Amino acid sequence: MSIFRPDGFLYRFISRFTSLVLLSLCWLVCCIPVVTIGAACTAMYSVCFKMIKDEDGHILRKFFAAFRRDFRQATLAWLILLPVGALILWVGYLYFFGMWDVSGAADFFAVVILILAAVYLVVMTYVFAVASRYENTAVQTIKNGLFIGLRYIGRTIILAAITLTVVFVCCWNYVTILFGVILAPGFLCYVHCSFIIRIFEKLECERSERAADEAVIQKCRAELNTDELKQ
């Protein structure tokens, strides 16, 4: 039957499923030192982008190649974001659980914490995807992640909702936590990449058009200067 052929749906589904499970396990192992979480996330995004383009290949080889290639950029970005996220969680915990007496400024602090948490979530949604595709400084990578997240706020909200839903379901009990650890990272990253790849392609197309327009303008200027010299 065609369903069992190497190019059939069932074979491709099983192959993609096992690849994502393997990818999740690679990510989990590389996240254990904590400091390397950024590089692990970036490598996972890099592999998922290739999978979407049907460039699966050898998952382990591609993952660790991306891990080494983007290690510095991703790790620096993560080391900037980690203390910021920890501070937001700590302040939020102290406030919402009544351990911090803020007197009459309660509403103000609540709004500030929620805004910072929302901005942080926006950045985290895109920063490692950006690091996996573009080479830049850590600070600029974070800025680009924030810019993309705010520009495409509709898709950002969808991705954030999907992520929070998956995390909530995985934390339901010990069984879901186990399956979540094994399955969720790779599958969630794959879903993210299916949205983000379209954003990247659109931005790259816009940049190419701007570059072409600038080239035309420069050419026109050069021709005008040449004409003036001839006169």
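This tour moves from the whole chain to one helix and then to a surface patch. The model is predicted.

**Whole chain.** Show everything as a cartoon. The protein chain has eight helices and zero strands. Along the sequence the pattern reads α-α-α-α-α-α-α-α. Now colour by burial. Of the 231 residues in the protein chain, 36% are buried. Switch on the surface: about 14,500 Å² is accessible, and 69% of that belongs to carbon and sulfur atoms. Contacts are next. Among those in the protein chain with a separation of 6 or more, 71% come from residues 24 or more positions apart.

**Helix H7.** Select residues 153-170. This is helix H7, with 18 residues. From first C-alpha to last, H7 reaches 25 Å, close to the 26 Å expected at 1.5 Å a residue. Show side chains for Thr156, Leu159, Ala160, Thr163 and Cys170, the buried residues of H7. They lie on the same side of H7, because they cover an arc of only 100° around the axis. An α-helix has 3.6 residues a turn, so residues three or four places apart point the same way. Then rotate to the other side of H7, where Ile157 and Phe168 are exposed.

**Nonpolar patch.** Select Leu25, Leu28, Tyr174, Ile177 and Val181. Together they make a nonpolar surface patch of about 470 Å². Helix H1 (9-31) and helix H8 (174-230) each give two or more residues to the patch. Which helix gives the most to the nonpolar patch? H8 does, with three residues.

**Last stop.** Centre on leucine 28, in helix H1. Leucine 28 is partly exposed, with a relative accessible area of 32%. That value lets leucine 28 count toward the patch, because patch residues need over 30%.

Notes. Residues are numbered from 1 along each chain as its sequence is written. This is a predicted model: local features need pLDDT of at least 70, side-chain atom pairs count only at pLDDT 80 or more; totals for chains, interfaces and linings use all residues. Side-chain values use heavy atoms; hydrogens and water are left out. Patches are made of residues with over 30% relative accessible area and no salt bridge: like charges are joined within 9 Å, nonpolar side chains (Val, Leu, Ile, Met, Phe, Trp, Tyr) within 5 Å. Accessible areas come from the Shrake-Rupley method with a 1.4 Å probe; for residues, only the protein chains shown count as cover. A salt bridge is a side-chain nitrogen of Lys or Arg within 4 Å of a carboxyl oxygen of Asp or Glu. Helices (H or I, at least four residues) and strands (E, at least two) are DSSP runs, numbered from the N terminus. Buried means under 20% relative accessible area, exposed over 50%, partly exposed in between (1.4 Å probe, protein chains only). The expected span of a helix is 1.5 Å times one less than its number of residues. The arc is that of the directions from the helix axis to the C-beta atoms. Contact means heavy atoms within 4.5 Å.
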